[in-house]
Amino acid sequence: MPARIFNAVKTEIASTSSPNERALAITRAVALLQAGEIVALPTETVYGLAADALSATAVAKIFETKERPHFDPLIVHLPGPDWLEKITVIKGDARPLIERLATAFWPGPLTMVLPKTEWIPSLVTAGLTTVAVRMSAHPIFREVVQSFGQPLAAPSANRFGRISPTTAADVLEELVGRIPLIVDGGSTTHGIESTVIAPRGGVIEILRPGPITREELESFGQVQFRNSDKAESPGQLPSHYRPETPLMIVDDITAVSVPQGQRYGALLWSDVPFSQTFVESRRLSPARDLREAAANLFRQLRELDHANLDCIVAEAVPEKGLGIAIMDRLRRAAHR
Ligand code: TXA
Ligand code: MG
């Protein structure tokens, strides 16, 4: 599918450790975006691959670079709340809920799917009449989008279907030779992608669970999970976030028996000690904190994927609060 010749671009990582480096990195990122290029930027959830959201040719590069199918729409990141009504249509009865949610969670990891205006090229939304919008809380992302002065389309900075990147090194592994610049903002805070919702009347439908939990949304209205069979969040495919190594989810990790001669690794929630069962293991959260577990999830999956294993066994986490988003990602990672 990709028309581009990959490995043709030199990919640089721009450090932001000192104030000088940071300012330089932001200036370079903005200049590249203004030239219609794509740039990887840190957000508070996962690293994003950003392009000018109002330019169909710039956005087309995102699809090519990620090898992303055109039926999967992108999230648009706003420079500020004043942009919301330039690119979305807010009907009178929907306004109070949308405004309350934006006030409570923006900037932050909440994405709202709303009817779109003509400003957004249909490539961004895969031809849908709605657009997904959010405002990132990451200081580097905010500075870039504000100094760019227009919305940025930015999906996660991984090749399609693979594990989302939570460090600049992860992005490099995914997109080396395909993009000119990765701005290094260190590890992302949440470690999983934003919660995607569609506010409908007084009802909040969750299309993708994430860092803003059902419980947090419940004080704003009735909340329901969208049945994933419905095609409305097209990116929510059953197989996604996939490591190269087969992944299996179990409720009882102590019951796993490893076939003779095979190398199994474990992604653990409990603190059961293992001697010989697994050749590699990672513990999502020694403190059994779901927030910490989410932040570690993709990095640990990637580490286990590098360990030359025959199988990764992931222990199910409690399916409440952030555990719902973690199990959503694990199930898609396990789906073949
Ligand atoms: O945290 C995040 O949201 C990250 C950072 C980089 O901002 N971005 C991200 O983008 O996860 P992406 O493209 O990997 O996921 C976008 C999700 C997909 O599941 C897509 O189907 C859904 O949002 N989406 C986008 N536009 C939509 C629309 N108009 N209607 C329904 N779902 C939509
Ligand atoms: Mg993604």
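This is a short tutorial dialogue on reading the sheets and helix packing of a predicted model.

Student: What should I know before I start?

Tutor: Residues are numbered from 1 along each chain as its sequence is written, chains are lettered from A and ligands numbered from 1 in the order in which they are written. This is a predicted model, where local features need pLDDT of at least 70, side-chain atom pairs count only at pLDDT 80 or more, and totals for chains, interfaces and linings use all residues, while side-chain values use heavy atoms, with hydrogens and water left out.

Student: In what order do the 11 strands of the open sheet with mixed pairing run?

Tutor: The general idea comes first. Strands of a sheet pair through backbone hydrogen bonds, either parallel or antiparallel. Strands here (E, at least two residues) and helices (H or I, at least four residues) are DSSP runs, numbered from the N terminus, and two strands pair if DSSP finds at least two bridges between them. In this model the order is E1-E8-E2-E3-E7-E4-E6-E5-E9-E10-E11. Strand E1 (12-14) and strand E11 (222-225) are the edges, and each has a single partner strand, so one side of each has no neighbour in the sheet.

Student: How is E3 joined to E2, and how to E7?

Tutor: Strand E2 (residues 39-41) and E3 run antiparallel, joined by three bridges, with leucine 41 opposite glycine 48 in E3. The connection from E2 to E3 is a hairpin through six residues. Toward strand E7 (residues 152-153), E3 is again antiparallel, with two bridges, and alanine 51 stands opposite alanine 153 in E7.

Student: Which pair in that sheet could I look at for a parallel case?

Tutor: Try strand E4 (residues 75-77) and strand E6 (residues 130-134), which run parallel and share three bridges. Isoleucine 75 has alanine 132 as its bridge partner in E6.

Student: How many residues of strand E3 are buried?

Tutor: Buried means under 20% relative accessible area, exposed means over 50%, and partly exposed is in between (1.4 Å probe, protein chains only). Five of the five residues of strand E3 (residues 48-52) are buried, so the strand is largely enclosed by the rest of the structure.

Student: Which helices lie across E3?

Tutor: Contact means heavy atoms within 4.5 Å. H1 lies across E1, E2, E3, E7 and strand E8 (181-183), at about 135° to E8. Helix H2 (residues 56-66) lies across E3 and E7, at about 150° to E3.

Student: At what angle do H1 and H5 pack?

Tutor: Two packed helices are described by the angle between their axes and the distance between the axes. Axes are lines fitted to C-alpha atoms, for helices over the stretch in contact, and angles run from 0 to 180 degrees between N-to-C directions. Helix H1 (residues 19-34) and helix H5 (residues 139-148) pack at about 45°, with axes 9 Å apart. That makes H1 oblique to H5 (under 35 degrees would be roughly parallel, over 145 roughly antiparallel, 65 to 115 roughly perpendicular, and the rest is oblique). The contact includes Ile26 and Val30 of H1, and Ile140 and Val144 of H5. Its residues divide into eight nonpolar, two polar and two charged, where Ala, Val, Leu, Ile, Met, Phe, Trp, Tyr, Cys and Pro count as nonpolar, Asp, Glu, Lys and Arg as charged, and the others, Gly among them, as polar.

Student: What is the strand order in the open sheet of four strands?

Tutor: The order is E12-E15-E13-E14, with parallel pairing. Strand E12 (247-250) and strand E14 (280-283) are the edge strands, each pairing on one side only. Neighbouring strands are turned by 20° against each other on average, direction ignored. Strand E13 (residues 264-268) and E14 share four bridges, with glycine 265 opposite glutamate 280 in E14.

Student: Which strands do H8 and H9 touch?

Tutor: Helix H8 (residues 290-305) lies across E12, E13, E14 and strand E15 (311-315), at about 175° to E14. Helix H9 (residues 323-334) touches E12, E13 and E15, its direction making about 135° with that of E12. H8 and H9 pack at about 20°, with axes 9 Å apart. That makes H8 roughly parallel to H9. Among the contact residues are Leu297 of H8 and Leu330 of H9.

Student: Where is aspartate 310?

Tutor: Aspartate 310 sits in the loop between H8 and E15. Aspartate 310 is partly exposed, at 34% relative accessible area. Its contacts include Thr245, Arg263 and Tyr264, not counting residues up to four places away in sequence.
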